[in-house]
Every structure is written in C-alpha cells, then in structure tokens.
Amino acid sequence: MTVVGPFGLSVRDQALETGVQAGLAAVEEGLIEATKSGVPFITEAAQHLVRAGGKRFRPLLVMLAAQFGDPHAPGVVPSAVVVELTHLATLYHDDVMDEADVRRGVPSANARWDNSVAVLTGDFLFARASHILADLGPEAVRIQAEAFERLVTGQILETAGPREGDDPIAHYLDVIAGKTGSLIAVAGRFGAMMSGADENVVDILTQYGERIGTAFQLADDVLDIASDSHESGKTPGTDLREGIATLPVLRLRARAADGGSPEDLALCALLDGDLSDDARHAEALAGLRAHPALEEARRDTIRCADEARNVLAPLPDCAAKEALSYLCDSVVHRAG
C-alpha cells in the first residue's frame with residue numbers, strides 16, 4: 001500500500017498510483033503556468049498559495065474519476081487545474097472575510113499584503129480558470145457556472161444565517177453543500193466527463209463528490225477545534241473568533257436548547273461573548289475540545305463519508321473504485 005499526493009490517499013495498484021501521480025504532477029505544472037503574469041507582483045501574489053502546497057483534494061478526485069474512462073484524455077488535466085484554481089481563488093476571498101492570518105502554514109495573502117491585494121488576486125485566479133475553461137467547451141462552462149452560483153449562494157446563506165423557524169443544523173448542511181460540496185462535485189463530474197465515461201458513471205461520481213465534499217468540510221470543522229496549527233495549516237479556532245458557528249458549535253447549542261446542563265449553557269454564553277480576547281478564545285476552544293458536541297460532529301463526518309462510499313456501489317469493481325472508498329476513510333481520519 002502506497003501513498004499518493006499530499007492528501008495521503010493509500011492505494012494498492014501500481015498502475016493507478018503511477019497514473020495518478022503523473023496526473024497530479026501535470027496539474028501542478030498547470031497551476032504554476034496559469035498563475036504567471038507579465039507583472040511580477042501579480043505572479044508572486046497569485047502563486048503565494050499555490051507554492052504553499054495544500055492537499056490537492058479536488059485534482060486528486062478528478063484523476064480518480066477519470067480512471068473510469070480514458071485518464072489520458074486531453075481535457076482531464078486542464079479541468080483539474082480549473083477546479084483547483086477556483087478553489088484557490090475562494091481561499092483568498094475567504095481569508096479576507098475571516099480576517100485570517102495564516103493559510104496552509106504561511107501568512108495569508110491579506111496578512112502579507114492587504115485585503116485589496118487578496119481580493120484582486122482571487123479575481124485574477126477566477127479569470128485564469130475561466131480562460132482555461134473556455135477551451136473545454138460550453139457544457140463545461142455551464143457546469144462550472146452553476147457550481148460557482150451554488151458556492152456563492154452558500155456563502156451568502158452562511159452570512160445571512162438561518163431564518164426564524166429553520167433548523168440551524170439543516171441550514172448549515174445546506175451552506176456547506178453549496179460552499180464546499182458543489183465544487184468537489186464538479187471535480188468528480190469533470191474527471192468522469194472529460195475521460196469519456198458513461199453518463200451514469202458521471203452521475204455517480206458527481207453525487208459522490210457532493211457527499212464526500214460535505215464530509216470533507218465537516219472534518220475541517222472538527223480540525224478547526226481539535227487540531228493545532230501544525231496539523232491544520234491555519235490558526236485553530238479561526239471560525240470561533242469570527243463568530244462562525246460550525247457543526248461542533250451547532251451541536252452544542254442544540255444540546256443547550258434541549259434541556260442542556262449548566263455547563264452547556266455556560267459554554268454557549270462564552271461562545272456568544274467577545275472572543276477577540278485571547279484568554280476567552282482559549283477558554284472557549286478548550287471547552288469545546290472537552291465537550292461531547294465535538295464527538296457528535298465527528299460522528300456526523302463519519303456518516304457523510306459512509307454515504308459517499310455507498311454511492312459508489314453501482315460502479316464496476318476496480319482499483320479506482322477501491323481508492324475512492326479509501327478516500328472516504330482518509331477524510332474521516334482527518335477528523336480523528
């Protein structure tokens with residue numbers, strides 16, 4: 001069993017490993033090329049997060065999905081570059097909205113330069129992704145546009161919050177289906193579609209991407225509470241400090257609202273206060289790490305990963321299907 005890529009996927013098939021490694025190397029070259037500009041400062045800013053590394057989860061999914069058709073088809077690598085460029089662009093914008101200081105173990109673009117540079121660099125990456133996408137045909141453009149609409153809608157819904165009477169947890173799952181699941185679904189869809197796979201295979205891998213994307217974000221929610229900055233590549237408790245209620249917090253609040261203990265209510269009161277103070281922030285982080293709500297969020301992650309695995313059942317048994325199943329395990333492992 002060997003490990004493929006920064007995400008750490010284990011595979012058992014040498015031919016699959018070799019093919020995926022080659023595809024990811026080509027994607028990396030494509031990312032560097034796509035982020036070059038005639039203006040050296042733009043190149044530096046655009047390549048800031050590319051060179052910081054990352055899990056390359058979305059390109060990996062493109063490569064695995066492409067195994068159900070011709071993985072060497074000309075559109076496979078460019079479509080993976082498009083998906084990763086789009087993801088990177090959203091990170092530049094997210095860090096401005098979250099006022100984040102660290103991303104992928106390096107200073108965020110807004111911390112290194114300023115918010116304007118970060119926002120405009122994200123826009124630059126969107127433009128480069130669109131340029132590549134135009135060569136992949138009108139259907140690919142439509143798919144990407146629909147996913148981007150869902151992504152932005154998810155972000156707006158998160159900002160607006162649930163309406164009165166809405167279940168906050170159901171609302172949050174809708175948010176992350178848009179913010180995260182939509183683009184990861186495109187990764188599965190592009191890989192299968194560009195490789196010429198059958199339409200039913202394309203549909204299955206799109207559904208798989210949506211579900212594993214949700215699991216992936218839930219694992220990130222757990223990591224934001226449970227990990228240190230070395231593990232996650234960003235400052236722990238960033239969402240807490242910004243008042244963003246991720247799944248562990250929502251699970252805590254649900255317990256508190258349903259006859260919670262005095263400890264539940266006290267922790268909720270702490271979370272609802274000013275967490276810009278480092279001592280209060282550390283206290284809130286420690287409280288959540290010790291609270292059963294964190295374990296509930298882990299179980300939610302496992303459930304979503306299992307749903308993704310179950311979607312794969314109709315696919316023919318092969319090394320790529322086994323690797324996609326292992327990818328579900330890898331996502332769960334990140335959440336502890």
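Contact here means heavy atoms within 4.5 Å. The model analysed is predicted. By this criterion, Ile-212 touches Phe-57, Ile-184, Ala-308, Leu-327, Cys-328 and Val-331, with residues up to four places away in sequence not counted.

Ile-212 also stands out in the largest nonpolar core. That core has 93 residues, of which Leu-205, Tyr-208 and Ile-212 touch the most other members. Helix α10, spanning residues 199-226, gives the most to this core, with twelve residues.

Aromatic pairing was examined next. The structure holds two aromatic pairs. In one of them, the ring centres of Phe-57 and Phe-216 are 4.4 Å apart. The planes of these two rings meet at 25°, so the pair is stacked. Under 30 degrees is the cut-off for that class. Phe-57 belongs to helix α4 and Phe-216 to helix α10, so the pair ties together parts that are 159 residues apart in sequence. Phe-57 and Phe-216 are both buried. Phe-57 is also one of the residues touched by Ile-212.

The residue before the start of helix α4 has an unusual backbone. Most residues other than glycine have a negative phi. Arg-56 is not a glycine, yet its phi is positive, about 55°. Arg-56 sits in the loop between α3 (48-51) and α4 (57-65). Its relative accessible area is 5%, so Arg-56 counts as buried.

Charged pairs form a further layer. A search of the whole structure finds 19 salt bridges. One of these joins the side chains of Asp-300 and Arg-251, with an N to O distance of 2.9 Å. Asp-300 lies in helix α16 (residues 292-311) and Arg-251 in helix α13 (residues 247-257). The two partners therefore tie together parts that are 49 residues apart in sequence. Asp-300 is buried, at a relative accessible area of 9%.

Two further salt bridges lie within helix α16. Glu-307 bridges to Arg-303, and their closest N and O atoms are 3.3 Å apart. These two residues are four apart in helix α16, so about one helical turn separates them. Both are partly exposed. Glu-307 has a relative accessible area of 34%, and Arg-303 has one of 37%. Arg-309 forms a salt bridge with Asp-306, where the closest N and O atoms are 3.4 Å apart. Arg-309 and Asp-306 are three residues apart in helix α16, about one turn of the helix. Arg-309 is partly exposed at 24% relative accessibility. Asp-306 is partly exposed too, with a relative accessible area of 33%.

Salt bridges also join into a network. Its linked residues are Glu-139, Arg-142, Glu-146 and Arg-189.

Cysteines were considered last. The structure holds zero disulfides. A pair would need its sulfur atoms within 2.5 Å to count. Cys-304 is buried, with a relative accessible area of 5%. Cys-318 is partly exposed, with a relative accessible area of 33%. Cys-328 appears among the residues touched by Ile-212.

Conventions: Residues are numbered from 1 along each chain as its sequence is written. This is a predicted model: local features need pLDDT of at least 70, side-chain atom pairs count only at pLDDT 80 or more; totals for chains, interfaces and linings use all residues. Side-chain values use heavy atoms; hydrogens and water are left out. Buried means under 20% relative accessible area, exposed over 50%, partly exposed in between (1.4 Å probe, protein chains only). A nonpolar core is a set of buried Ala, Val, Leu, Ile, Met, Phe, Trp, Tyr and Cys residues joined through side-chain atoms within 4.5 Å. A salt bridge is a side-chain nitrogen of Lys or Arg within 4 Å of a carboxyl oxygen of Asp or Glu. Rings of Phe, Tyr and Trp (its six-membered ring) pair if their centres lie within 6.5 Å; planes under 30 degrees apart count as stacked, over 60 as edge-to-face and the rest as tilted.
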